[in-house]
Amino acid sequence: MDPSMPHSAQSFDSVHSYGAPRVRHMLPSLAGTPRLCIERALLFTRSFARTAQAPLPLRWATALAEVLAHVRIHIHKHDLIVGRGGAEGRYGFFYPELEGIYLGEFQQKKSRGESPYYISERDMRAITEEILPFWSGSTFREKLSAHLPQSLIPLFYRDGDIYKPSFILHETATIRHSLHWILDYEKVLHRGFEGIWNEAHEKLCRLQADGHGEQDDRIIFYRSAMMVADGMRIYALRHAHMARQMAASEANPTRREELLAIADCCGHVPWKPARSFREAVQAQWFTQLASRFEQLHGGIIGNGRVDQYLYPYYRRDMENGVITREEALEILDCLWLNIARFVRIQPTEAGSLIYEGNAHYEHTCIGGLTRDGEDATNDLSWLILESDIPSLIGYPDLHVRIHHGTPEGFLRRVCERMIQGGGLPKLLNDEVIIPGLTVRGVPLEKARDYCSAGKVINTMAYFSGSTWLNLAAILEMAMYDGCCTPGGAERLGEHTGDPCLFATFEDFFQAFIRQLHRAQKNILMQQYITDMLRPESMAAPLLSSLHDLCMDQGMDVSQGVLKNAVYHGGQTAIIGLATVIDSLAAIRWLVFERKKVSMAMLMEALRTNFEGYASLRHMCANAPAYGNMDSSVDALGQRIMRVVVDTCAQHCNRFGGHPELIYVQATAHIAMGRLIGATPNGRQAGEPLSQGVSPSPGAARQGPTGVLASASSLYKGMEHAQCESMLLLNLPPNIFSGDAGVRALVALVRTWRNQRHWGLACKLIDRSYLIGMQHSPSFYGELLTRAPGFSDHFPELSEGVYNDVLHSMDAKIT
Amino acid sequence: MNNMNSQPPVALISHIQAFCLDDGPGIRTTVFMKGCPLRCSWCFNPECFSFSQETSLRQERCLGVDVCGICRNVCPEKCLYATASGTIRIDRALCGNCGLCADHCPTMALSTVGRDMPLEEVKKAIVRNRDFYLHSGGGVTLGGGEPLARPAFAATLAGLVKSHGIHLAVETCGYFDMDDAAVRHTLEQTDLLHFDIKHLDRGKHKAFTGVDNIRIMDNLRVLPRDFPDLPIVAHCAIIPGFNDSEAAVRRMGQFAKSIPTVCDFRLIPYSPLGAPKYQYLGKEFLMGYALPPSPERMRVLERCLEATFRT
C-alpha cells in the first residue's frame, strides 16, 4: 500500500456522498448575474481625494485601510468561513484607477439586459458623478495610451478608441494591476498580522533612531505595512462583532453555536497566529479577500500550496480529535465557494471578451516536492482531491504537481478524479518547472516550493501584465504585405512584398518572421513604457508586507528594483500558434510542394472566406497539420519558437529580467479569432484560433500520442526556455472509462511528465462537442474508436459510433 | 534466418494506429497489415481482406461534381460516375485501384487503402511512441489482416521491434504455415500471442470464415510444444447466430484449457463498428442486421468460460 495513502482511504465513498447540506444550500446562490459592487471603488476614491499630497504607497495603504474599516460586511445564514465583498449572490469589484472611464459610456450604450453584470441605478450615479470625475485623465489606461508612440496605437486600439481593442497586440497591463501572484499565507497563519505589524514597527523605529525622517521611502513603506496590518485586524473584529450580535438573536441553537464560533475565530485571526485548521482557513480567506480590495491580480490572487501551509493545522486538529475529515472538507468547500462567489467583472468590452463568462483562475496546487526534495503529498492533499466542488463549479483552479516520486496511489487517484471531474484537476510538471526556475537563478530549495504557474513567493518579482500577441494577425501581415484584417486598410506591419511573387516557401516564411520580429519589438516597447509608469501609478502595501524582500528592504513591489529578487521579464502570450503553424504548412504543401493551387488563388479564396472554394477549403483543412507527430510540420513550430525565444533572450527589462513567453488559458483565442479573416489551414473567418500550444480543433488525427509528441517537439533545443504553457488535451470519454481507462490515463500522465511538458489540462469531450462533430465530421477528428483489434482507419466513422458514445455518456450521467 | 535475402521484404500496411488500449497490455501502437486468408462475415477490418491496394469512397464527404469533380478528370479508367445528387460513385468492375483519384480528392472522400511502407517509415512510427510503451507497460502489436500471411515482413518487423527493446504482441487468426522459417522466427520474437478461436465446428467455421479450422486448431496444439515460453491469449468474438451458444463457448473453453500456454481467454462481443467500411470499399456486409449480444448474454457466456476454461 502506498505510504502516503491515509488510513481512511476506503471511507472516501462516504465522504464523497455526504454532500454537506451547507454546501448544497450555498451552491444555488452562485447562479444568476453577478453584481458589480462599487463600495471598494467609492471608499478608495474618497480616500485618494483626501490624500493627494501623500506618497503613493501610503495613499494606497490609507485607502485600503479605509475600505477594510468601512466596507459593508455580510454574514449569511450558511456561512462558516466569513467575509464577503457583496450581498447575496456573486459579486465583483470595480477598480476605477485601471480603465474605469469606460464604464460611463458603456452603461449608457448597453441596455441592462445585455450587460454581463448588474449594477443599481444609485451605484451607477455614484460612479458617473463621484468616482469617474476623480479618475478622469489619470487612469492607468489613459496614462499608458498617452505615452505610447503614435505608431503603436493602432496595433493595440481600434479607430483611435483606447477602449476598443484591435486584438493584434493586446496589453493586459491596464485591465489589472498585476500579474497573477500568490501571497505568503504561511506568514499570516504563523505570525499573524500582529507579527507583521511588529516587524514593520521595529524596522521603522530603527530607521528613526538612525535619524531618518518621515520622507524616507522605507519609513513610508513600513508605515503603510502597519496601516494595512491594522486594517486587517479591524476588518476581522467587525465580523466578530457582527457574529456575536447575530448569535444573540439567533433562535436555532446549532446556528447560534456556529455564530459564536465564528465570533471567536474572527476575534483571533488574522491578527494573531492561527490555532486551528478552521482559523487557518479563515485567516487565509480574509487575507486574499483584502488582496482583492487592494488590487486585481492576474487571473485573481492565488491560493498557493494549500496542502502544505494548512497541513500542520489540519494534522494537529486531527490528532487532537477536534475535527473530522468531513468537517475539514466542509471548511475547504466553504473556502472554494467564497472564491467562486467573487467574480472578475471586466468593465470593458475587451475584458469581457478575453475573460468570457467572467472567468477567473485562482491558482491552487497540491502535491509536488518539498523544499528538501521529498514528496510533499500528505493526507490533506488526498482530502482536497476528494472535494467535488472544484470540478463542479471550476473554482478554485486546482492543479496537482507531478514529479518522478509522486506516489503511485496518489497519481492513480488523481487520474480517477480527472475522469470523474471532466478532466479536472490540471497537472503541473515539477520536472520542468523547477529546473526552469533554477536556470533563472532561483535557489533549488525555493524553486521546489514554487506555487502554481511557477511563482516563487519571497524570491521573485515583476508584476506588469502580459501582452498578448495575435499570431494569426502576424501571418496575415505576411500575406497582405503588412496589412491584416483587424487593422483594416492601414499597413501596420512591415512592407514584405506580394507573396504571389515569392519563389519559394522560405521567402514566405522569412516575410512572416520579419513581421513577427517587428511585433515583438513593438511589444517590448509597450512593456518598457508600462514598467516606467508603474511606480507613479501602483502600490501594493498588503502584497509587499507579505513579501520578505520588500519587508527587508522597506520598499513596495511596484516602486523600484528589489535587490536579490529574481525578476521576470515582460510576458508575451502567443495566441493562435497552431493556426499559424498549420497555415504555413498548408501554404508550403499546396502552393510550393504539391503546386495544387497558386498563391493568388489561395489568397482569393481567403478573401472570399472560401465562398465558391469548397474543395480548396477541404484541401487546406486536410493538409499536414501540427499535432500529428509530423516532424516537417512540427519543425515550423520549432522555428517560430526559436525566433521568439531568441528575441526574448536578446532583451532585458529595467529590472534585469528577460522577456518571457506564456500561453494563456483564457478565452482570448475566441475573441482574437473573431477578427481574423479566413486562414490557409481551412479555418473560416471569425472562427476561434487554436488555443495555447494545442493543435487546431480537429487537426490532431492521431490521438493524444500525436498531440503530446508534437507539443514536446516545440521546445527541442530550447528546454531552458520552457514557459508557462498548459497543454490542452481532449479525451474521448468512451476510451477513458473503467479501470483500464484509469490505467491508460496514468500512463499518459507519466509520459507527459517524462516528455517534459509544462502543464496538462485534460477535457473529457462532452455531449455538445460530439454533436458538433457529427454535423461537421471533416473538421473534427479527435474522437478515437478503440476496440480489440479494430483499426480506425477511417477515423470519423459513422453516425452509429457517435450515437453509441452519446448513449454511453447519457447512461453515465443518469 | 536462412531465407532472408538482401532485398528488404515488403507488405502492404493499411494503417499504423497509435494509442491503442485493447491490443495487449498498456498503451500500444498497432501495425495493421493488409491481407487475410479468412473472410469472416463479421470482420470489422474488411479493408484488410485483400492483399492489394484498394480505393475507398466515403460518399458523405464528397462535395459533388458540381463543386469539385477533380477525380473524374484524373481517372485513367473513366470508372467514376456521378449519381443524381452529384456525388461520385466507383464502377468497381473497371477500377484498377491506381489511386490517382484519391491523390487529388480534396476532402479525402476517396482514399487509397494500403501502402508499401518502407521499413524505415514503420520503424519511425513505432519508435516515436516509445515513451508511451515505457510508462504504460505497452508496446507494439502486429495485427491486420493476418500478419503471419506475410511472414518475411512480419519477421523483419518483429526483429526491428525487439531490437529496440519494445514489447511485441501478434494478433493472428491462426491460419498460418507453422513450418515456414519466417513464421517461426516471428513467433520466437513475440512476447504475447493473441490467437483467435472462432468455432470448433468445422462446417460452421468454413461457412462463416471461408476456411476450415483444422489448420488453426493444429497450429494452436503445436504452439506449446514448439514455443513453450510464448504466452497465448485466446480471443473469441461472440457473433450472434454463429458462436453465441453456451455449448459453443463451452467447447472452445475446454479446448483452450487443454493448451497449456493459453493463459487467458477473452470473449469480445460482436461490434458493428466496421459496417460503414464495407460500404466505403464497395463490399457487401452480411451481418447487417445483427445486434451485438446483450451484456446479460455476455455474462451467461462468461460463466460458460468460467466453468470450462477457468477451472
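A salt bridge is a side-chain nitrogen of Lys or Arg within 4 Å of a carboxyl oxygen of Asp or Glu. The exercises below apply this and related notions to a predicted model.

**Exercise 1. Salt bridges**

Task: Determine which parts of chain A are tied together by the pair A:Lys187 and A:Asp548, and describe the burial of each partner.

Solution.
1. The side chains of A:Lys187 and A:Asp548 approach to 2.6 Å, N to O, and form a salt bridge.
2. A:Lys187 belongs to helix α10 (residues 185-209) of chain A and A:Asp548 to helix α26 (residues 548-553) of chain A, so the pair links parts that are 361 residues apart in sequence.
3. A:Lys187 has a relative accessible area of 8% and is buried, whereas A:Asp548, at 32%, is partly exposed.
4. Over all chains, the whole structure holds 62 salt bridges.

**Exercise 2. Two pairs in chain B**

Task: Give the N to O separation for B:Lys198 with B:Asp196 and for B:Arg299 with B:Glu296, and state where the second pair lies.

Solution.
1. B:Lys198 and B:Asp196 meet through their side chains at 3.2 Å, N to O.
2. Within this pair, B:Lys198 is buried at 6% relative accessible area, while B:Asp196 is partly exposed at 24%.
3. For B:Arg299 and B:Glu296, the closest N and O atoms are 3.6 Å apart.
4. Both B:Arg299 and B:Glu296 lie in helix α11 (residues 295-308) of chain B, 3 residues apart, or about one turn of the helix.
5. B:Arg299 is partly exposed at 47% relative accessibility, and B:Glu296 is partly exposed at 49%.
6. In chain A, salt bridges with shared partners join A:Glu386, A:Arg412, A:Arg413, A:Glu416, A:Asp739 and A:Arg743 into one network.

**Exercise 3. Strand β8 of chain B**

Task: Establish how many residues of strand β8 of chain B are buried, and which strands pair with β8(B).

Solution.
1. Strand β8 (residues 139-144) of chain B has 6 of its 6 residues buried, so the rest of the structure largely encloses this strand.
2. Strand β2 (residues 28-33) of chain B pairs with β8(B) in the parallel sense over 6 bridges; B:Thr29 has B:Val140 of β8(B) as its bridge partner.
3. β8(B) also pairs with strand β9 (residues 167-172) of chain B, in the parallel sense and over 4 bridges. Here B:Leu142 is matched with B:Val170 of β9(B) as its bridge partner.
4. Together with helix α5 (residues 151-163) of chain B, the strands β8(B) and β9(B) make a right-handed β-α-β unit.

**Exercise 4. Two loop residues of chain B**

Task: Locate B:His199 and B:Pro240, and decide whether each is buried or partly exposed.

Solution.
1. B:His199 sits in the loop between β10 (192-196) and α7 (202-209) of chain B. Its relative accessibility is 8%; buried means under 20%, so B:His199 counts as buried.
2. A polar atom of the B:His199 side chain lies 3.2 Å from the backbone oxygen of B:Phe242.
3. Beyond four places in sequence, the residues that B:His199 touches include B:Lys204, B:Asn213, B:Met217 and B:Met252.
4. B:Pro240 is found in the loop between β11 (232-238) and α9 (246-257) of chain B, and at 24% relative accessibility B:Pro240 is partly exposed.
5. Outside its neighbours within four places in sequence, B:Pro240 contacts B:Tyr270, B:Met287, B:Ala290, B:Leu291 and B:Pro293. B:Pro240 and B:Met287 are 47 residues apart in sequence, with a C-alpha to C-alpha distance of 9.2 Å.

**Exercise 5. Cores and the sheet of chain A**

Task: Identify the residues that touch the most other members of the largest nonpolar core, and the strands at the edges of the open sheet of 10 strands.

Solution.
1. The largest nonpolar core has 271 residues, of which A:Phe277, A:Leu310, A:Phe512, A:Leu516, A:Leu584 and A:Ile640 touch the most other members.
2. Helix α11 (residues 217-248) of chain A gives the most to this core, with 13 residues.
3. A second, separate core of 68 residues includes B:Cys40, B:Val170, B:Phe176 and B:Met298.
4. The open sheet of chain A has mixed pairing and the strand order β3-β9-β11-β12-β13-β14-β7-β6-β5-β4.
5. Its edges are β3 (169-171) and β4 (304-305) of chain A, each with a single partner strand, so one side of each lacks a neighbour in the sheet.
6. Strands β7 (residues 426-429) and β14 (residues 759-764) of chain A run antiparallel and are joined by 2 bridges; A:Leu428 has A:Gly759 of β14(A) as its bridge partner.

Note on methods: Residues numbered from 1 in each chain as written. Chains lettered and ligands numbered in written order. Predicted model: local features only at pLDDT ≥ 70, side-chain atom pairs only at ≥ 80, totals over all residues. Heavy atoms only, no water. Buried < 20%, exposed > 50% of the residue type's maximum accessible area, 1.4 Å probe, protein only. Polar contact = N/O pair within 3.5 Å; in protein donor to acceptor, adjacent residues only side chain to side chain. Contact = heavy atoms within 4.5 Å. Pairing = 2+ DSSP bridges. Right-handed = clockwise from strand over helix to strand, strands pointing away. Core = buried A, V, L, I, M, F, W, Y, C linked by side-chain atoms within 4.5 Å.
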